[in-house]
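Could you walk me through this model in my viewer, one selection at a time? Please tell me what to pick at each stop and what I will find there.

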Amino acid sequence: MKGHIHVTVTNRRIRYDFTIHRNITIIQGDSATGKTTLLSMINDYYNLGESSGVTLSCEKPCVTLSGRNWQPLLATIRDSLVFIDEGNEFVNSEDFAKAIRGTDNYYIIVTREALHQLPYSVTEIYGLRESGKYGQLKQTYNEMYRLYGRKNYVKEISPSALITEDKGAGFEFFTHVAGHSGIHCLPAGGKSNIFGLLKETASSKNLLIIADGAAFGSEIGRISLYLKTHPSIYLYLPESFEWLILSSAIISAPDIPKILEDPAPYIESSRYMSWERYFTHLLIEAARGTYLEYTKSHINPNYCKPAVEEKIRKQIAGVKL
């Protein structure tokens, strides 16, 4: 499945109207905010159709998944929106992460916990609230490209230290760029390691964390809370390092600007577990056979040449390196 999928669910009392953009969507929120009502309506419609009193409009089938038999049930579901209510502990398991990898469904998961086994975007975490007769999904972290300070957007910072999510090409590039200004750069070696490294280096003034927003959803909650009490720490979340390179227009390919403007119609969920993987594939293929040929493990030295480096660095709005 790919593209934006719009869903409208109604009964006599309430109407839910929302659009799903990626293969994993997280719905958070306290009790009595309408989460269970939404999933109950979808389940009723699936089992009873219009005789349930529910009307559902969606170009794809909408189903619910629950219980101990979730694995054989999931194996029968194709090209559908799969809704999973909180309380189904299997969503926290490695088995579930493996089971949905390579499937052509979109998954909408109600949970108050971070799901560390799944690579979901910071932009696809929503709160659900009922307003009169309407239920709305409201983005919790509504920008993929943002510096987080306290409550105010930081127009420009000059970091004294950097933490990068990866220890491959992205780390090597930022180490090179930061070296111009004597900025210390540390690799976390994975998104789950950032929080621990952050606490070790929290005394650094104007510490900047750079991570892949396309798969950072499980970490954003605790790190955002931490930033509220540490105003000199900032978070920069492009979709990925490869997305940053593609956005700089140093790779000449006529379709790239159109894809970057709206990636959803191009990213097949059965092939790419997260958008970060798609942008890596896109960059590798677009740069193949050129002097900017790309590998994720090590940076091609040509990316560190002044003219190329500057174009990439200019994409990082608000950060002076």
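Start with the second largest cavity, which holds about 40 Å³ of space. This is a predicted model, so treat each stop as a look at computed coordinates. To see the walls of the second largest cavity, select R22, N23, I24, P119, Y120, S121, A214, M273, S274 and W275. Coloured by class, that lining shows 6 nonpolar, 3 polar and 1 charged residues.

Now move to the largest cavity, with a volume of about 50 Å³. Its lining is made of M1, H21, R22, N23, Y106, A264, I267, E268, S269, Y272 and W275. By class, these divide into 6 nonpolar, 3 polar and 2 charged. With a threshold of 30 Å³ or more, the count of cavities is 2.

Keep R22 selected and add E124 and E239: a network of salt bridges links these three residues.

**The largest pocket**

Next, display the largest pocket, which has a volume of about 520 Å³. It is lined by 32 residues, and those closest to its centre are E165, K191, D212, A215 and E276. Helix 4 (169-179), helix 6, helix 7 and helix 9 are the elements that each give two or more residues to this lining. The lining of the largest pocket splits into 11 nonpolar, 11 polar and 10 charged residues.

**From E276 to K296 and E242**

Stay on E276 and bring in K296. The two form a salt bridge, with their closest N and O atoms 2.7 Å apart. K296 sits in the loop between helix 9 and helix 10, while E276 belongs to helix 9, so this pair ties together parts that are 20 residues apart in sequence. Is E276 buried or exposed? With a relative accessible area of 11%, E276 is buried.

K296 has another partner to select, E242, and here the closest N and O atoms are 2.9 Å apart. Why does this salt bridge tie together parts that are 54 residues apart in sequence? It does so because E242 lies in helix 7 (residues 241-247) and K296 in the loop between helix 9 (275-287) and helix 10 (306-313). Show the solvent-accessible surface here as well: E242 is buried, at 1% relative accessible area, whereas K296 is partly exposed, at 37%.

**D79 and its loop**

Now pick D79 together with K60. This pair also forms a salt bridge, and its closest N and O atoms are 2.9 Å apart. D79 is in the loop between helix 2 (70-74) and strand 6 (81-84), and K60 is in the loop between strand 4 (55-57) and strand 5 (62-64), so the contact joins parts that are 19 residues apart in sequence. Side chains of opposite charge can pair when their charged atoms come close. In the whole model, the count of salt bridges comes to 11.

Before leaving D79, check its backbone: phi is positive, at about 50 degrees, although D79 is not a glycine. Most residues other than glycine have a negative phi. With a relative accessible area of 26%, D79 is partly exposed.

For another positive phi, jump to A249, where the angle is near 65 degrees. A249 lies in the loop between helix 7 and helix 8 (256-261). At 57% relative accessible area, A249 counts as exposed.

**Helix 6**

Next, select residues 217-228, which make up helix 6. How far apart are its end C-alpha atoms? They are 18 Å apart, which agrees with the 16 Å that its 12 residues should span at 1.5 Å a residue. Colour this helix by accessibility and look for the buried residues: G217, S218, E219, I220, I223, S224, Y226 and L227.

**The cysteines**

For the last stop, select the cysteines. How many disulfides does the structure hold? The number is 0. C62 is in no disulfide, and the nearest cysteine sulfur, on C58, is 3.9 Å away; a disulfide needs the two sulfur atoms within 2.5 Å. C62 is buried, at 5% relative accessibility. Finish on C185, which is buried with a relative accessible area of 10%.

Key: Residues are numbered from 1 along each chain as its sequence is written. This is a predicted model: local features need pLDDT of at least 70, side-chain atom pairs count only at pLDDT 80 or more; totals for chains, interfaces and linings use all residues. Side-chain values use heavy atoms; hydrogens and water are left out. Helices (H or I, at least four residues) and strands (E, at least two) are DSSP runs, numbered from the N terminus. The expected span of a helix is 1.5 Å times one less than its number of residues. Buried means under 20% relative accessible area, exposed over 50%, partly exposed in between (1.4 Å probe, protein chains only). A salt bridge is a side-chain nitrogen of Lys or Arg within 4 Å of a carboxyl oxygen of Asp or Glu. On a 1 Å grid over the protein atoms alone, a cavity is a set of points where a 1.4 Å probe fits but cannot get out, and a pocket is an open set with protein on both sides within 12 Å along at least five of seven lines; lining residues have an atom within 4 Å of a point. Grid points are joined across faces, edges and corners, and a volume is the space filled by probe spheres set on the points. Ala, Val, Leu, Ile, Met, Phe, Trp, Tyr, Cys and Pro count as nonpolar, Asp, Glu, Lys and Arg as charged, and the others, Gly among them, as polar.
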